[in-house]
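This report describes selected features of one structure. Please consult the sequence and the coordinates alongside the text.

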Amino acid sequence: MSDKRDYYEVLGVNKGATDKELKKAFRSLARKYHPDKNSDPGADDKFKEIQEAFAILSDSDKRAQYDRFGHSGPQMGGGFSGFDIRYEDLFGSGLDDLFSNLFGGGGRRSSRPRQARGQSILVRKKIPFQMAFEGGSEEVSVDTFLSCDSCSGSGGATSDDVEICSTCRGQGQVTQTRQVGPFVQQTSGICPTCQGRGKIIINPCKDCRGEGRKKKKQTIRFNVPEGVDTGMRLRMRGKGHVPPQGGIAGDLEIELILENHPWFERDGAELLMSLPVGFPDLMLGRTVTIPHLDDKPLAIKIPANSLAGHTLNIPGRGLPNGRGRRGDVIILLKLHTPKKPSRNLKSQLESLKSDLSIADDDLENSILDEAKDRRS
Ligand SMILES: [Zn+2]
Ligand SMILES: [Zn+2]
């Protein structure tokens with residue numbers, strides 16, 4: 001019925017092999033053929049074959065059945081997903097990277113303990129306004145829990161000092177069965193002995209006191225995209241805290257706060273500013289030049305007969321709008337008057353008054369004109 005190889009043959013052991021011999025054979029074969037370590041085209045299939053053989057032979061019931069019926073036994077079907085290998089039992093706590101990968105590709109999902117996840121960190125970082133224009137690179141210093149070097153995060157003084165929790169047999173979960181009338185009620189919950197970690201530390205690592213992690217100051221560089229604004233958050237996966245006794249590190253989130261520009265306010269890609277100008281400049285016109293974010297001077301041309309309170313628009317000199325273009329610079333003209341005019345200036349203005357001011361009998365008309373302008 002099946003052209004499968006004999007399981008004993010696959011593992012290279014004889015029919016009378018003890019549990020210990022099986023484990024030993026599986027361990028060395030799995031290391032050799034794990035797809036992460038072995039790129040040969042046949043390694044993947046070989047690895048599956050090894051896993052399947054071990055899953056059957058390490059289970060005394062299934063092994064007995066296999067011994068009697070071979071591959072055509074009643075429980076032999078169902079493909080590999082039906083097998084259940086406890087990698088923790090097999091490799092203890094000294095799991096190296098290879099075998100922590102196995103958790104992802106190995107036995108049934110529900111049969112392995114939930115991977116603990118470390119806390120995420122949120123930091124706020126002020127960045128110069130210039131970055132809104134051209135982006136850049138910044139760094140933050142964060143106190144982060146990192147895996148303890150002395151115990152590689154296990155929390156045990158040696159690898160023998162971490163044991164599989166006997167209450168939950170490493171599952172991190174316990175299932176209680178209760179008879180309720182005619183029903184059998186099953187409840188499962190976090191194992192109280194190991195708090196769901198599946199491991200017990202007998203002799204804690206001195207360096208981290210069994211926590212498996214230590215706080216260290218980390219400097220993390222990150223890139224800020226152009227067009228950035230206050231409140232933007234950058235998420236860096238796995239740069240947060242490592243959970244106690246190993247697991248998946250949390251994330252680092254950096255909330256950016258854009259510092260104020262000395263004179264610009266920002267509205268999306270638009271830059272707004274007020275420009276104080278004297279009355280003669282409004283009347284006669286003038287060009288003023290100020291330094292700008294793009295390193296090219298910003299020339300503001302005030303046309304003759306400009307009005308205070310009106311705005312000038314300089315297109316394409318604002319911030320990047322995210323669509324390959326730049327917004328505008330919008331300039332509000334404000335009338336500047338000397339705070340302490342000299343006696344001389346006052347007398348000169350007095351003589352210009354009839355030309356510059358509005359005569360009493362014209363006042364009502366000019367109010368009307370102004371209102372018309374405003375409403376048009
Ligand atoms: Zn340690
Ligand atoms: Zn437990």
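Which residues are the protein donors of the zinc ion (ligand 1)?

## Basis of the model

This is a predicted model, in which local features need pLDDT of at least 70, side-chain atom pairs count only at pLDDT 80 or more, and totals for chains, interfaces and linings use all residues. Residues are numbered from 1 along each chain as its sequence is written, chains are lettered from A and ligands numbered from 1 in the order in which they are written, and side-chain values use heavy atoms, with hydrogens and water left out.

## Zinc site

The zinc ion (ligand 1) has as protein donors C148 (SG), C151 (SG), C205 (SG) and C208 (SG), lying 2.3 Å from it. Donors are N, O and S atoms within 2.8 Å of the metal (3.2 Å for Na, K and Ca); water is not among the atoms, so sites may look incomplete. Angles of 104 to 115° among the 4 donor atoms make the site tetrahedral (four donors, all angles between 85 and 135 degrees). The spacing of the donor residues in sequence is C-x2-C-x53-C-x2-C.

C148 and C208 are both buried (under 20% relative accessible area, 1.4 Å probe, protein chains only).

## Aromatic pair

The rings of F26 and F54 are stacked, with centres 4.4 Å apart and planes at 15° (rings of Phe, Tyr and Trp, its six-membered ring, pair with centres within 6.5 Å; stacked means planes under 30 degrees apart). F26 is buried, with a relative accessible area of 0%, and F54 is buried at 4%.

Note on methods. Four donors count as tetrahedral if all angles lie between 85 and 135 degrees; four count as square planar and six as octahedral if opposite donors are over 155 degrees apart and all others between 65 and 115; anything else is irregular. Buried means under 20% relative accessible area, exposed over 50%, partly exposed in between (1.4 Å probe, protein chains only). Rings of Phe, Tyr and Trp (its six-membered ring) pair if their centres lie within 6.5 Å; planes under 30 degrees apart count as stacked, over 60 as edge-to-face and the rest as tilted.
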